[in-house]
Amino acid sequence: MSAVLERPPVIAPGHTPATVTDKIAATVLDKTPRWWILGFAVSFLILLMFLNAVAWLFVKGVGIWGINIPVGWGFDIINFVWWIGIGHAGTLISAILLLLRQQWRTSINRFAEAMTLFAVACAGMFPILHLGRPQIFYWLLPYPNTMGMWVNFRSPLVWDVFAVSTYATISAVFWFMGLIPDLATLRDRSTHPVGRYVYGVLAMGWRGSARHWHNYETASLLLAGLCTPLVLSVHTVVSWDFSVGIIPGWHATIFPPYFVAGAIYAGFAMVILLAVPLRKAFGLEDFITMRHMNNMAKILLVTGLIVVYGYVMEIFMAWYSGNPYEWYMVFNRVTGPYKYHWMALIFCNAIAPQVLWIPKVRSSIAALFCVSLIVSVGMWLERFIIIVTSLHRDFLPSSWDMYHGTKWDWMTFLGTLGLFLTLFFLFIRFLPAISIFEMRTITKTDGGTSPGKP
Amino acid sequence: MKTAIPAPLSSHGQPLHGLMAEYATPKELVAGIRSVRAAGYTKLDAYTPFPIEEVIEALGEHGSRVPAIVLGGGLFGLVAGYGLQYWTSVVDYPLNIGGRPFHSWVSFIPPTFETTVLFAGLAAVVGMLAVNGLPRPYHPVFNVERFRFASRDRYFLVVESADPRFDPKGTREALASTSPSGVHEVEE
């Protein structure tokens, strides 16, 4: 390390492989804390609300939602894009920051990857429920069938099926592979026979052989290399769902980079929202330090500025194109019936996060939590604005209409928060939320041999 | 076929898989591996709580078969993904959509990219497990009581009884001379 400026350490000083192992394993192996039971119960109740909304949807059909012509894509697609975007931060942390040798990612990559998986699970609900006949969702996939038909590979919606399903699969295997050595640790440390059996089966006989580590590290690096373009491709393809269409406000080449930046923006906000209570509840302040919070705040600031650039470019291109429909769309977005949504969006995504320029704000947990919450709301509003204001007034004034989510829309959306939190609570109870073996690599071992990992 | 030399027995009269030295630090483990290798032992393995490059180097590991497997998986995904689109859109179900050519190769790139990454990624995980011989629920090293610390903060070196130079006494002395914190018998 030839840094000119001394940086604060990645984790609190004084930790050894033994202490990080004991401390993180204890979050799983100790008795269930009371806050966990309470948090899980609340999350599960919200999940039940989701199931209720979905059950009623199955009975009545998508007519219970607010969607209609001209706004045929409402909450379902807003929430899909919002959730899938949130997932992107996890992959960014686990793959891109690994390739960039950002050691600080070690403390947060495991739960950020879990966040990715659960966010993709929530995202996946919406397009499938939106199908109207969710039981035949597999028609989206190319498979030989008695109708003799195949999917249309020229459509971004089919690309999206490939992108999201690949993303979900690769995120899951990457996450599971990262867990194998830690599952072995839990197998070795669990005192409960069921725990030893279950963790033992999942660890697949991992024994920490140096030769195994060698292949394991190689596979991890390759997966990180594969995930990096994959994560960029996913939101790019999602943005193509819009930009390949000719609707004013959608048909823009800025969409892919603008969506990817927005995804990382929303995702890091969610990582902060999860990290703040997690480190507090498990007493993991030694591992998820202020340096992590500060770095994440900086990423939030940078991606936020890219998103603002996207907003500015959208408006500029609408004017510069000389297309009256494009220009009207901007005019309508800013002054039309959804102008308060737009103003709230600008406040949440463009104005409020600028406080992160101030170092004092970046080192205040409460301030970071609030900014992240605002950004999460802002990113949801951004998708609302993009989808609804573009659709509700298209080329023909005779087809203009307003769109509002119904209570079923809201129950489904808020319900997926319950699904997400339920999965997350189960995750932090049964699996280590911080990668134990990677934390061992960044402790200074007393023997002086430098740990093998970048 | 292995040569029919009877396996050495442990002090409990069980067949011996090898002898295991336990170290408190990676540095001592690396020194131990070097000295045992210098003594001519070849059937060695080290067990560490996290990947340590020096240990892998000291064992003389070079290269890994995983990258070739990943390349194979990626190429399969590439050909299969593009082939599926070509065959369905041009051969089996040619359908005029917006006047676009049946072979709309530009549109076929995103799904091809995804299938390439999908199969390469699955090959990375499955390949890593296959090359490592996992899943393998049973392994003799687990019989050593202290071995559970291999997933915490202890570093182990095993000389297998399959090594041509292995001899329960001599090998134990060779290991003991590397200043381990203990030498354990690994029963089959």
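The following exercises, each with a worked solution, introduce a predicted model.

Residues are numbered from 1 along each chain as its sequence is written, and chains are lettered from A and ligands numbered from 1 in the order in which they are written. In this predicted model, local features need pLDDT of at least 70, side-chain atom pairs count only at pLDDT 80 or more, and totals for chains, interfaces and linings use all residues.

**Exercise 1. Chain A as a whole**

Task: Determine how many helices and strands chain A has, and state how its radius of gyration stands to that of a compact globule.

Solution. Begin with the secondary structure: chain A has 15 helices and 0 strands. Helices (H or I, at least four residues) and strands (E, at least two) are DSSP runs, numbered from the N terminus. Next, consider the radius of gyration, taken over C-alpha atoms, for which the globule rule is 2.2 Å times the number of residues to the power 0.38. Because chain A has 454 residues, a compact globule would have a value near 22 Å, and the 23 Å of chain A agrees. Along the principal axes, the C-alpha trace of chain A spans about 75 × 60 × 40 Å. Finally, buried residues make up 50% of the 454 residues in chain A. A residue is buried if 20 or more other C-beta atoms lie within 10 Å of its own, exposed if 12 or fewer, and partly exposed in between, with C-beta atoms placed from the backbone.

**Exercise 2. Confidence**

Task: State which residues of chain A have a pLDDT that stays under 50.

Solution. pLDDT is the predictor's confidence in each residue, from 0 to 100. The mean for chain A is 89, and 96% of its residues reach 70 or more. The stretch sought is residues 445–454, where pLDDT stays under 50.

**Exercise 3. Two helix pairs**

Task: Classify the packing of H2(A) with H14(A), and then that of H3(A) with H8(A).

Solution. Two packed helices are described by the angle between their axes and the distance between the axes. Axes are lines fitted to C-alpha atoms, for helices over the stretch in contact, and angles run from 0 to 180 degrees between N-to-C directions. Angles under 35 degrees count as roughly parallel, over 145 as roughly antiparallel, 65 to 115 as roughly perpendicular and the rest as oblique.

H2(A) and H14(A) (residues 407–430) pack at about 140 degrees, with axes 7 Å apart. H2(A) is therefore oblique to H14(A).

The axes of H3(A) and H8(A) (residues 255–281) come within 6 Å and cross at roughly 75 degrees. H3(A) is therefore roughly perpendicular to H8(A). Residues of H3(A), including Gly85(A) and Gly90(A), meet residues of H8(A), including Gly262(A) and Gly267(A).

**Exercise 4. The contact between the chains**

Task: Identify which helix gives the largest share of the side of chain A that touches chain B.

Solution. Two residues are in contact if their C-beta atoms, placed from the backbone, lie within 7 Å. On this basis, 55 residues of chain A are in contact with 61 residues of chain B. The largest share of the chain A side, 16 residues, comes from H7(A).

**Exercise 5. Backbone exceptions**

Task: Locate the cis peptide bond at Pro70(A) and the positive phi of Met204(A).

Solution. Most residues other than glycine have a negative phi, and most peptide bonds are trans. A cis bond joins Ile69(A) and Pro70(A), with omega about 10 degrees. Pro70(A) lies in the loop between H2 (34–60) and H3 (75–99) of chain A. Met204(A) has a positive phi near 60 degrees, and its place is the loop between H6 (193–203) and H7 (210–243) of chain A. With 15 other C-beta atoms within 10 Å, Met204(A) is partly exposed.
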